[in-house]
Amino acid sequence: MLFSIGFLTLYLFVFLLLLLLWVFRAPPESSAAQEFPPVSILIAARNEQEHILTCLAAIDRLAYPKDKLEVLVGDDRSQDNTRSLVEQYSLGKPYVTCVPISYDMAGTKGKANVLAQLAKRATSEFFFITDADIEVPPQWVHTLLQRLTPTTGIVTGITTTKGHSLFERLQALDWLYNLGLMQVVADRGVSVSTMGNNMLVTREAYEQVGGFEGIPFSITEDVQLHKEITAAGFQTAHVYSPSALALSKPIGNLNDFFNQRRRWMRGSVKLPWYMLLLFIFHSSYYPVWVPFFLHAGWAVWGGVFAAKLLLQSVFVSFCCQRVHWKVQGRDLFLLELYLLFTSLVLIVYFFLPTKIRWKGRQY
(Lines give C-alpha, C1' and ligand atoms only; values in the text may rest on other atoms or scores of the structure.)
Protein backbone atom coordinates (compact mmCIF):
# COMPACT_ATOMS: atom_id res chain seq x y z
CA MET A 1 0.00 0.00 0.00
CA LEU A 2 2.78 2.44 0.97
CA PHE A 3 4.62 1.64 -2.25
CA SER A 4 1.50 2.34 -4.31
CA ILE A 5 0.90 5.66 -2.60
CA GLY A 6 4.54 6.69 -2.99
CA PHE A 7 4.69 5.67 -6.64
CA LEU A 8 1.43 7.35 -7.64
CA THR A 9 2.38 10.55 -5.79
CA LEU A 10 5.75 10.63 -7.56
CA TYR A 11 4.08 9.87 -10.89
CA LEU A 12 1.66 12.78 -10.59
CA PHE A 13 4.45 15.13 -9.49
CA VAL A 14 6.65 14.17 -12.46
CA PHE A 15 3.68 14.51 -14.83
CA LEU A 16 2.92 17.97 -13.46
CA LEU A 17 6.56 18.97 -13.97
CA LEU A 18 6.51 17.72 -17.56
CA LEU A 19 3.27 19.62 -18.18
CA LEU A 20 4.75 22.87 -16.87
CA LEU A 21 7.85 22.44 -19.01
CA TRP A 22 5.59 21.83 -22.03
CA VAL A 23 3.27 24.78 -21.38
CA PHE A 24 6.16 27.22 -20.85
CA ARG A 25 8.30 25.77 -23.62
CA ALA A 26 10.75 28.23 -25.19
CA PRO A 27 10.60 28.59 -29.01
CA PRO A 28 13.20 26.36 -30.72
CA GLU A 29 16.21 27.98 -32.31
CA SER A 30 16.79 27.61 -36.05
CA SER A 31 20.16 27.73 -37.74
CA ALA A 32 21.08 29.81 -40.75
CA ALA A 33 21.72 26.77 -42.94
CA GLN A 34 22.32 26.91 -46.69
CA GLU A 35 18.93 27.69 -48.21
CA PHE A 36 18.42 24.94 -50.78
CA PRO A 37 21.15 22.29 -50.69
CA PRO A 38 20.62 19.07 -52.69
CA VAL A 39 18.87 16.40 -50.59
CA SER A 40 18.10 12.70 -51.00
CA ILE A 41 14.77 11.22 -49.88
CA LEU A 42 15.01 7.49 -49.14
CA ILE A 43 11.87 5.35 -49.06
CA ALA A 44 11.75 1.62 -48.37
CA ALA A 45 8.65 0.07 -49.97
CA ARG A 46 7.33 -3.48 -49.70
CA ASN A 47 3.82 -4.30 -50.93
CA GLU A 48 2.75 -0.66 -50.73
CA GLN A 49 0.61 -0.34 -53.87
CA GLU A 50 -2.22 1.21 -51.84
CA HIS A 51 -0.09 4.01 -50.43
CA ILE A 52 3.03 4.69 -52.50
CA LEU A 53 1.42 7.10 -54.97
CA THR A 54 -0.08 9.14 -52.13
CA CYS A 55 3.37 9.27 -50.54
CA LEU A 56 5.01 10.40 -53.79
CA ALA A 57 2.27 12.96 -54.45
CA ALA A 58 3.00 14.55 -51.06
CA ILE A 59 6.70 14.70 -51.94
CA ASP A 60 5.79 16.33 -55.25
CA ARG A 61 4.02 19.06 -53.24
CA LEU A 62 7.18 19.88 -51.29
CA ALA A 63 8.03 23.56 -51.32
CA TYR A 64 11.54 22.74 -52.46
CA PRO A 65 13.21 23.05 -55.88
CA LYS A 66 12.72 19.79 -57.78
CA ASP A 67 16.21 20.09 -59.27
CA LYS A 68 17.55 19.81 -55.70
CA LEU A 69 15.55 16.67 -54.91
CA GLU A 70 16.62 13.06 -55.36
CA VAL A 71 13.89 10.58 -54.43
CA LEU A 72 14.99 6.95 -54.24
CA VAL A 73 12.27 4.33 -53.71
CA GLY A 74 13.62 0.89 -52.87
CA ASP A 75 11.19 -1.83 -53.95
CA ASP A 76 11.87 -4.60 -51.46
CA ARG A 77 10.77 -7.60 -53.54
CA SER A 78 7.11 -6.55 -53.46
CA GLN A 79 4.51 -9.10 -54.47
CA ASP A 80 2.05 -6.49 -55.69
CA ASN A 81 2.21 -3.59 -58.16
CA THR A 82 4.42 -1.31 -56.05
CA ARG A 83 7.37 -1.42 -58.44
CA SER A 84 5.35 -0.84 -61.62
CA LEU A 85 3.47 2.05 -60.02
CA VAL A 86 6.70 3.79 -58.99
CA GLU A 87 8.34 3.19 -62.36
CA GLN A 88 5.31 4.58 -64.18
CA TYR A 89 5.16 7.60 -61.86
CA SER A 90 8.87 8.34 -62.38
CA LEU A 91 8.37 8.73 -66.15
CA GLY A 92 6.98 12.19 -65.57
CA LYS A 93 9.13 12.94 -62.52
CA PRO A 94 12.83 12.67 -63.38
CA TYR A 95 13.86 13.22 -59.76
CA VAL A 96 12.14 9.95 -58.74
CA THR A 97 13.98 6.64 -59.20
CA CYS A 98 12.74 3.14 -58.42
CA VAL A 99 15.56 0.92 -57.13
CA PRO A 100 14.78 -2.84 -57.21
CA ILE A 101 16.15 -4.57 -54.09
CA SER A 102 16.94 -8.18 -54.89
CA TYR A 103 19.41 -9.25 -52.18
CA ASP A 104 20.34 -8.62 -48.55
CA MET A 105 23.58 -6.85 -47.75
CA ALA A 106 25.65 -8.61 -45.10
CA GLY A 107 24.47 -7.70 -41.61
CA THR A 108 21.15 -6.25 -42.75
CA LYS A 109 17.55 -7.37 -43.20
CA GLY A 110 14.24 -5.79 -44.11
CA LYS A 111 14.05 -2.01 -44.06
CA ALA A 112 17.65 -1.62 -42.88
CA ASN A 113 18.83 -3.52 -45.96
CA VAL A 114 16.79 -1.33 -48.33
CA LEU A 115 17.98 1.91 -46.75
CA ALA A 116 21.60 0.73 -46.76
CA GLN A 117 21.43 0.13 -50.52
CA LEU A 118 19.63 3.41 -51.19
CA ALA A 119 22.18 5.35 -49.15
CA LYS A 120 24.95 3.96 -51.33
CA ARG A 121 23.18 5.34 -54.41
CA ALA A 122 22.35 8.71 -52.87
CA THR A 123 24.44 11.63 -54.13
CA SER A 124 23.66 14.38 -51.59
CA GLU A 125 24.97 15.14 -48.10
CA PHE A 126 21.55 14.89 -46.46
CA PHE A 127 19.40 11.74 -46.24
CA PHE A 128 15.70 12.32 -45.55
CA ILE A 129 14.09 9.03 -44.54
CA THR A 130 10.37 8.35 -44.57
CA ASP A 131 7.98 5.44 -45.17
CA ALA A 132 5.86 4.51 -48.17
CA ASP A 133 2.62 5.06 -46.22
CA ILE A 134 3.59 8.55 -45.05
CA GLU A 135 2.47 11.96 -46.32
CA VAL A 136 5.05 14.63 -45.53
CA PRO A 137 4.05 18.33 -45.25
CA PRO A 138 5.14 20.87 -47.91
CA GLN A 139 7.75 22.53 -45.66
CA TRP A 140 9.19 19.23 -44.40
CA VAL A 141 12.64 19.38 -46.00
CA HIS A 142 13.25 23.04 -45.25
CA THR A 143 12.00 22.73 -41.65
CA LEU A 144 14.33 19.86 -40.74
CA LEU A 145 17.28 21.49 -42.50
CA GLN A 146 16.82 24.61 -40.38
CA ARG A 147 17.59 22.62 -37.22
CA LEU A 148 20.99 21.49 -38.46
CA THR A 149 24.19 22.68 -36.84
CA PRO A 150 27.77 21.61 -37.65
CA THR A 151 27.57 18.95 -34.91
CA THR A 152 24.04 17.63 -35.65
CA GLY A 153 23.76 14.09 -36.97
CA ILE A 154 20.00 13.48 -36.83
CA VAL A 155 16.94 15.74 -36.94
CA THR A 156 13.58 14.14 -36.16
CA GLY A 157 10.14 15.48 -37.05
CA ILE A 158 6.84 14.23 -35.65
CA THR A 159 4.27 11.84 -37.02
CA THR A 160 0.67 11.02 -36.29
CA THR A 161 -2.03 8.99 -38.00
CA LYS A 162 -4.86 10.22 -40.19
CA GLY A 163 -8.42 8.92 -40.15
CA HIS A 164 -11.88 9.63 -38.77
CA SER A 165 -12.98 6.52 -36.86
CA LEU A 166 -12.64 6.44 -33.07
CA PHE A 167 -9.76 3.94 -33.17
CA GLU A 168 -7.96 6.07 -35.75
CA ARG A 169 -8.49 9.28 -33.76
CA LEU A 170 -7.16 7.66 -30.59
CA GLN A 171 -4.09 6.40 -32.42
CA ALA A 172 -3.44 9.96 -33.61
CA LEU A 173 -3.66 11.32 -30.07
CA ASP A 174 -1.46 8.48 -28.79
CA TRP A 175 1.30 9.48 -31.26
CA LEU A 176 1.05 13.20 -30.48
CA TYR A 177 0.98 12.53 -26.73
CA ASN A 178 4.01 10.25 -26.58
CA LEU A 179 6.04 12.37 -29.00
CA GLY A 180 5.15 15.40 -26.88
CA LEU A 181 6.59 13.68 -23.81
CA MET A 182 9.75 12.91 -25.77
CA GLN A 183 9.94 16.50 -26.99
CA VAL A 184 9.91 17.85 -23.43
CA VAL A 185 13.01 15.79 -22.71
CA ALA A 186 14.63 16.69 -26.04
CA ASP A 187 14.02 20.40 -25.34
CA ARG A 188 16.38 20.09 -22.39
CA GLY A 189 19.19 19.24 -24.83
CA VAL A 190 19.08 15.55 -23.95
CA SER A 191 19.35 12.85 -26.61
CA VAL A 192 16.07 10.93 -26.88
CA SER A 193 15.45 8.74 -29.93
CA THR A 194 14.28 9.10 -33.52
CA MET A 195 11.63 7.82 -35.92
CA GLY A 196 12.39 6.10 -39.18
CA ASN A 197 9.36 7.60 -40.92
CA ASN A 198 10.35 11.24 -40.37
CA MET A 199 14.06 11.87 -39.99
CA LEU A 200 17.05 13.63 -41.49
CA VAL A 201 20.47 12.00 -41.22
CA THR A 202 23.61 13.70 -42.42
CA ARG A 203 25.88 11.70 -44.68
CA GLU A 204 28.80 12.53 -42.39
CA ALA A 205 27.13 10.96 -39.35
CA TYR A 206 25.75 8.00 -41.30
CA GLU A 207 29.08 7.08 -42.85
CA GLN A 208 31.05 7.62 -39.66
CA VAL A 209 29.15 4.77 -37.96
CA GLY A 210 29.41 2.55 -41.04
CA GLY A 211 25.83 2.85 -42.26
CA PHE A 212 23.13 0.27 -41.56
CA GLU A 213 25.45 -2.48 -42.75
CA GLY A 214 28.08 -1.43 -40.21
CA ILE A 215 25.93 -1.37 -37.07
CA PRO A 216 24.22 -4.23 -35.19
CA PHE A 217 20.96 -5.32 -36.80
CA SER A 218 17.76 -4.33 -35.04
CA ILE A 219 14.10 -4.67 -35.99
CA THR A 220 13.88 -0.99 -35.00
CA GLU A 221 16.69 0.12 -37.29
CA ASP A 222 16.05 3.81 -36.66
CA VAL A 223 16.59 3.49 -32.91
CA GLN A 224 19.80 1.52 -33.47
CA LEU A 225 21.12 4.12 -35.92
CA HIS A 226 20.31 6.88 -33.45
CA LYS A 227 22.16 5.03 -30.71
CA GLU A 228 25.29 4.59 -32.83
CA ILE A 229 25.31 8.17 -34.13
CA THR A 230 24.94 9.73 -30.69
CA ALA A 231 27.64 7.40 -29.35
CA ALA A 232 29.91 8.77 -32.09
CA GLY A 233 29.51 12.24 -30.60
CA PHE A 234 26.89 13.80 -32.87
CA GLN A 235 24.04 15.92 -31.53
CA THR A 236 20.37 15.40 -32.31
CA ALA A 237 17.38 17.73 -32.69
CA HIS A 238 13.62 17.28 -32.56
CA VAL A 239 10.99 19.44 -34.26
CA TYR A 240 7.43 19.54 -32.88
CA SER A 241 5.63 21.82 -35.31
CA PRO A 242 2.96 21.56 -38.05
CA SER A 243 5.62 22.09 -40.73
CA ALA A 244 7.33 18.87 -39.60
CA LEU A 245 4.16 16.83 -39.01
CA ALA A 246 3.93 13.76 -41.24
CA LEU A 247 0.73 11.73 -41.56
CA SER A 248 0.82 7.95 -41.39
CA LYS A 249 -1.68 5.29 -42.33
CA PRO A 250 -3.42 4.14 -39.12
CA ILE A 251 -3.36 0.52 -38.02
CA GLY A 252 -6.59 -1.15 -39.05
CA ASN A 253 -6.95 -3.95 -36.50
CA LEU A 254 -5.79 -4.92 -33.02
CA ASN A 255 -3.53 -7.76 -34.13
CA ASP A 256 -1.44 -5.47 -36.36
CA PHE A 257 -1.58 -2.76 -33.69
CA PHE A 258 -0.10 -4.98 -31.01
CA ASN A 259 2.51 -6.33 -33.43
CA GLN A 260 3.57 -2.75 -34.13
CA ARG A 261 3.74 -1.82 -30.44
CA ARG A 262 5.53 -5.03 -29.53
CA ARG A 263 8.14 -4.20 -32.18
CA TRP A 264 8.54 -0.74 -30.68
CA MET A 265 8.88 -2.21 -27.18
CA ARG A 266 11.57 -4.56 -28.48
CA GLY A 267 13.46 -1.54 -29.78
CA SER A 268 12.97 0.45 -26.58
CA VAL A 269 15.65 -1.60 -24.83
CA LYS A 270 18.16 0.23 -27.04
CA LEU A 271 17.07 3.64 -25.79
CA PRO A 272 19.40 5.66 -23.54
CA TRP A 273 19.12 4.41 -19.95
CA TYR A 274 17.31 7.55 -18.76
CA MET A 275 14.73 7.26 -21.55
CA LEU A 276 14.26 3.55 -20.81
CA LEU A 277 13.77 4.40 -17.13
CA LEU A 278 11.21 7.07 -18.02
CA PHE A 279 9.46 4.63 -20.35
CA ILE A 280 9.24 1.96 -17.63
CA PHE A 281 8.12 4.55 -15.07
CA HIS A 282 5.39 5.87 -17.34
CA SER A 283 4.24 2.37 -18.34
CA SER A 284 4.02 1.25 -14.69
CA TYR A 285 1.17 3.57 -13.82
CA TYR A 286 -1.63 1.14 -14.64
CA PRO A 287 -0.01 -1.98 -13.14
CA VAL A 288 0.27 -0.02 -9.87
CA TRP A 289 -3.01 1.88 -10.09
CA VAL A 290 -5.27 -1.12 -10.76
CA PRO A 291 -4.17 -3.16 -7.67
CA PHE A 292 -4.34 0.08 -5.67
CA PHE A 293 -8.13 -0.23 -5.98
CA LEU A 294 -8.05 -3.33 -3.76
CA HIS A 295 -6.67 -1.32 -0.82
CA ALA A 296 -8.17 2.15 -1.32
CA GLY A 297 -11.70 3.43 -1.25
CA TRP A 298 -13.63 4.57 -4.28
CA ALA A 299 -13.01 8.22 -3.49
CA VAL A 300 -9.23 7.93 -3.27
CA TRP A 301 -9.01 5.58 -6.25
CA GLY A 302 -11.21 7.87 -8.34
CA GLY A 303 -9.29 10.95 -7.21
CA VAL A 304 -5.99 9.50 -8.44
CA PHE A 305 -7.65 8.58 -11.73
CA ALA A 306 -9.13 12.08 -12.12
CA ALA A 307 -5.80 13.78 -11.35
CA LYS A 308 -3.98 11.76 -13.97
CA LEU A 309 -6.76 12.28 -16.49
CA LEU A 310 -6.72 16.04 -15.94
CA LEU A 311 -2.94 16.40 -16.29
CA GLN A 312 -2.90 14.13 -19.33
CA SER A 313 -5.80 15.89 -21.04
CA VAL A 314 -4.20 19.32 -20.62
CA PHE A 315 -0.88 17.98 -21.90
CA VAL A 316 -2.48 16.35 -24.96
CA SER A 317 -4.49 19.50 -25.64
CA PHE A 318 -1.30 21.52 -25.78
CA CYS A 319 0.26 18.89 -28.06
CA CYS A 320 -2.66 19.27 -30.47
CA GLN A 321 -2.58 23.04 -30.24
CA ARG A 322 1.12 23.17 -31.18
CA VAL A 323 0.49 21.33 -34.45
CA HIS A 324 -2.96 22.80 -35.18
CA TRP A 325 -4.66 19.44 -34.66
CA LYS A 326 -8.38 19.42 -33.88
CA VAL A 327 -9.37 17.21 -30.97
CA GLN A 328 -12.78 16.30 -29.60
CA GLY A 329 -13.18 16.70 -25.84
CA ARG A 330 -14.65 13.23 -25.35
CA ASP A 331 -11.62 11.70 -27.10
CA LEU A 332 -9.38 13.02 -24.30
CA PHE A 333 -11.35 10.86 -21.84
CA LEU A 334 -11.53 7.89 -24.19
CA LEU A 335 -7.76 8.13 -24.69
CA GLU A 336 -7.34 7.20 -21.03
CA LEU A 337 -9.43 4.04 -21.48
CA TYR A 338 -7.52 3.25 -24.69
CA LEU A 339 -4.17 3.61 -22.86
CA LEU A 340 -5.41 1.51 -19.94
CA PHE A 341 -6.46 -1.32 -22.24
CA THR A 342 -3.40 -1.26 -24.51
CA SER A 343 -0.92 -0.91 -21.61
CA LEU A 344 -2.23 -3.95 -19.77
CA VAL A 345 -2.49 -6.09 -22.90
CA LEU A 346 1.01 -5.14 -24.08
CA ILE A 347 2.56 -6.26 -20.80
CA VAL A 348 1.34 -9.77 -21.59
CA TYR A 349 1.83 -9.51 -25.35
CA PHE A 350 5.47 -8.44 -25.06
CA PHE A 351 6.48 -11.68 -23.34
CA LEU A 352 4.69 -14.07 -25.69
CA PRO A 353 7.19 -16.64 -27.07
CA THR A 354 6.31 -15.82 -30.68
CA LYS A 355 8.12 -13.93 -33.40
CA ILE A 356 7.10 -10.48 -34.52
CA ARG A 357 5.49 -10.37 -37.94
CA TRP A 358 6.00 -7.15 -39.89
CA LYS A 359 5.62 -6.37 -43.61
CA GLY A 360 5.13 -10.09 -44.33
CA ARG A 361 8.34 -11.13 -42.56
CA GLN A 362 9.04 -12.63 -39.17
CA TYR A 363 11.70 -11.35 -36.77
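Contact here means heavy atoms within 4.5 Å.

**Figure 1. Overview of the predicted model.** The structure shown is a predicted model, and its protein contains 13 helices and 12 strands. Among contacts between residues at least 6 apart in sequence, 81% join residues that are at least 24 apart. Of the 363 residues in the protein, 52% are buried, while the accessible surface comes to about 16,400 Å², with 62% of that surface belonging to carbon and sulfur atoms.

**Figure 2. Close-up of N197 in the loop between α6 and β8.** The loop that holds N197 runs between α6 (166–186) and β8 (198–202). Because buried means under 20% relative accessible area, N197, at 8% relative accessibility, counts as buried. When residues up to four places away in sequence are not counted, N197 touches K111, I129, T130, D131, I134, T159 and W175.

**Figure 3. Close-up of the crossing of α6 with α10.** Two packed helices are described by the angle between their axes and the distance between the axes. For α6 and helix α10 (residues 273–283), the axes come within 12 Å and cross at roughly 140°, which makes α6 oblique to α10. The crossing in which α6 passes α10 is right-handed. On the α6 side the contact involves Y177, L181, M182 and V185, which meet M275, L278 and H282 in α10. By residue class, this contact of α6 with α10 divides into 6 nonpolar residues, 1 polar residue and no charged residues.

**Figure 4. Close-up of the crossing of α6 with α12.** The axes of α6 and α12 come within 9 Å and cross at roughly 90°, and the two helices are therefore roughly perpendicular to each other. From α6, the residues L173, L176, Y177, G180, L181 and V184 take part in the contact, and from α12 the residues Q312, F315, V316, C319 and C320 do so. The residues of the contact of α6 with α12 comprise 9 nonpolar, 2 polar and no charged residues.

**Figure 5. Close-up of Q312 in helix α12.** Helix α12 (residues 298–322) is where Q312 is found. With a relative accessible area of 0%, Q312 is buried. Apart from residues up to four places away in sequence, which are not counted, Q312 touches F15, Y177, L332, L335, E336 and L339. Of these residues, Y177 also appears on the α6 side of the contact between α6 and α12, a contact to which Q312 itself contributes from α12.

**Figure 6. Close-up of Y338 in helix α13.** Y338 has its place in helix α13 (residues 329–350), and with a relative accessible area of 8% it is buried. Leaving aside neighbours within four places in sequence, Y338 is in contact with F167, L170, Q171, D174, F257 and R261. One of these partners, Q171, is 167 residues from Y338 in sequence, yet the C-alpha atoms of Y338 and Q171 are 9.0 Å apart in space.

**Figure 7. Close-up of helix α8 and the residue G233.** In helix α8 (residues 221–231), the buried residues are E221, D222, V223, Q224, L225, H226 and I229. An α-helix has 3.6 residues a turn, so residues three or four places apart point the same way. After α8 comes G233, which has a positive phi near 100°.

Methods. Residues are numbered from 1 along each chain as its sequence is written. This is a predicted model: local features need pLDDT of at least 70, side-chain atom pairs count only at pLDDT 80 or more; totals for chains, interfaces and linings use all residues. Side-chain values use heavy atoms; hydrogens and water are left out. Helices (H or I, at least four residues) and strands (E, at least two) are DSSP runs, numbered from the N terminus. Buried means under 20% relative accessible area, exposed over 50%, partly exposed in between (1.4 Å probe, protein chains only). Accessible areas come from the Shrake-Rupley method with a 1.4 Å probe; for residues, only the protein chains shown count as cover. Axes are lines fitted to C-alpha atoms, for helices over the stretch in contact, and angles run from 0 to 180 degrees between N-to-C directions. Angles under 35 degrees count as roughly parallel, over 145 as roughly antiparallel, 65 to 115 as roughly perpendicular and the rest as oblique. A crossing is left-handed if the near helix is turned anticlockwise from the far one by less than a right angle, and right-handed if clockwise. Ala, Val, Leu, Ile, Met, Phe, Trp, Tyr, Cys and Pro count as nonpolar, Asp, Glu, Lys and Arg as charged, and the others, Gly among them, as polar.
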